[in-house]
Amino acid sequence: VNQQHNRWVRLGSAGENFIVNQQTYCGPWEKFNFIHHAGGLIDGVYRLRQTEYSQLFANLNEGDVATSELEQDLWRVARDDDAYTIQSVRSGNFLGANENLEVYATDSTSDAERWTIDQNDDGNWCVRNVERGYWLRVRKAGSDNYVLELNGGNACGGWAWWDFDMVHSVPDLFEGDYIIQNNQFKRYLANTDGGVVQGAEYPEVWRVLREGENTYSLFDLNSHNYLRGIGNNQVDAVGHNEIWEKWIITKESDGAYCIKNVQYGQWARLGNEGENWVVNQQTFCGPWEKWNFISHHGLVDGVYRLRQTEYSKLFANINQDEIETVDNEQDLWRVIRSADFYTIQSVRSGLFLGAAADNTVYTSSEAGDAEAWDITENKDGNYCVRNVFRNYWLRVRKDGDDFITEMNGGKSCGGWAWWAFEKETHIPAVFEGEYFIKSNQWGKYLANLEGDAMKGVDSPRVWKVTKESDGVYSLQDVESQNYLRCGNQNDVNAVEQNAGWEKWYITKEGHGVYC
């Protein structure tokens with residue numbers, strides 16, 4: 001009872017909220033229990049931060065627990081007799097440690113998932129696994145790689161000191177990397193071209209950064225732009241992060257999310273205009289304004305340029321089932337996740353990459369076990385590509401002046417087997433390389449036989465097609481070394497230089513037919 005006003009403290013419910021106020025009497029709502037606290041950590045939801053490197057950790061993918069600077073998880077700590085359980089809010093799994101001193105998350109609780117938590121003289125906390133008897137710590141491995149593990153010793157040192165910061169509200173969405181999919185149309189939020197934001201066939205990865213309570217910015221990891229709301233109900237993407245780039249994201253009862261711009265108070269929406277899928281803003285959140293946030297692990301589905309990093313070599317499926325190692329972009333590869341593995345399909349031929357028993361690579365019209373691949377990112381940001389059936393790594397080997405794409409064994413992939421997956425949003429009408437160019441109407445081949453004159457002839461002539469920009473090419477006669485040129489009097493000829501008049505748009509009109 002308050003001495004000044006002679007009123008009693010009362011707790012009452014107002015919808016989902018519980019309100020503390022005063023009442024003129026002491027009834028059931030005005031009665032409280034005083035529970036003696038004997039020390040130690042009290043039950044609650046916490047942000048667990050390792051103090052030495054300021055690292056958090058999260059259970060994002062099944063049993064894996066990874067360190068992060070982002071708040072991708074919170075942990076529910078509950079006393080269990082003389083120890084504690086530490087449960088991921090995000091997954092519901094319990095933190096544990098195996099005999100190899102590796103940390104994991106699981107849906108069961110045994111002594112391997114029980115922990116003692118004691119405060120030291122500096123106010124930090126030491127966390128020891130009951131079953132293993134070792135301390136939970138973060139170890140720095142390399143310039144920007146941190147490992148969550150157990151470590152022995154009679155006392156926990158700085159790497160094993162933790163800050164338990166109690167959190168009283170769980171966010172609707174955690175920070176982290178997500179694929180954002182429209183719930184109605186199943187197309188993906190993507191910033192594929194400059195500032196244009198659209199609904200795409202293939203996903204982009206967005207980093208969700210918390211700016212306040214249920215307020216976030218959305219950063220496209222491919223374009224390095226932020227999602228922005230602008231006037232006239234439009235949405236685009238820009239390189240800075242201010243008020244127009246802030247969004248209130250709330251979870252609906254069906255598990256989907258509504259994305260509301262802080263500046264304009266309107267919701268991000270996906271709709272179709274003919275063949276285009278346009279992202280703009282709407283005054284309410286209905287089916288077209290709901291989005292799924294899918295946690296991202298590994299490589300996202302899409303079309304990629306696969307470049308071996310040691311020699312900067314690409315590879316292409318130009319001729320039937322053969323794989324050629326090349327310097328220029330003669331093919332792209334459609335990478336699609338299926339269950340736990342990927343298929344790698346040539347855009348040029350439509351065939352799937354596979355590995356044979358003699359360690360050669362090939363392409364096939366069918367995707368079986370020998371055409372299944374495991375793609376994992378290493379600490380340097382490159383990718384290792386392992387054939388699931390052969391259990392060998394895809395690599396490029398130098399043999400004299402030649403480069404050979406092949407398979408290689410070993411427990412881990414080395415520099416020859418490191419790959420960069422460069423995402424490509426524009427599939428060219430024609431790939432770079434050497435071609436015969438034949439008139440579809442007359443059956444004659446394009447040729448520069450003498451001087452700058454162009455003719456249609458009966459015998460094939462080889463032309464080198466070089467991509468100059470998206471959809472723009474130069475065409476060089478390999479024998480004469482001249483470039484196809486458009487004159488200013490409706491004439492076409494061939495010249496030595498490659499300037500503006502020697503650039504051509506090439507568009508595909510049908511199967512193998514171009515303008």
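Here are two short exercises on this predicted model, each with a worked solution.

Ground rules: this is a predicted model, so local features need pLDDT of at least 70 and side-chain atom pairs count only at pLDDT 80 or more, while totals for chains, interfaces and linings use all residues. Residues are numbered from 1 along each chain as its sequence is written, and side-chain values use heavy atoms, with hydrogens and water left out.

**Exercise 1. Work out how many aromatic pairs there are, then look at Phe57 and Trp75.**

Step 1. Rings of Phe, Tyr and Trp (its six-membered ring) pair if their centres lie within 6.5 Å; planes under 30 degrees apart are stacked, over 60 edge-to-face, and the rest tilted. That rule gives 18 aromatic pairs.

Step 2. The ring centres of Phe57 and Trp75 are 4.9 Å apart with planes at 45 degrees, so this pair is tilted.

Step 3. Phe57 sits in strand S4 (residues 56-61) and Trp75 in strand S6 (residues 75-80), so the pair ties together parts 18 residues apart in sequence. Strands here are DSSP runs (E, at least two residues), numbered from the N terminus.

**Exercise 2. Place Arg114, decide whether it is buried or exposed, and list its contacts.**

Step 1. Look in the loop between strand S9 (103-106) and strand S10 (115-119): that's where Arg114 lies.

Step 2. Buried means under 20% relative accessible area, exposed over 50%, partly exposed in between (1.4 Å probe, protein chains only). At 12%, Arg114 is buried.

Step 3. Contact means heavy atoms within 4.5 Å. Leaving aside neighbours within four places in sequence, Arg114 touches residues including Asp80, Asp81, Asp82 and Arg128.

Terms used. Helices (H or I, at least four residues) and strands (E, at least two) are DSSP runs, numbered from the N terminus.
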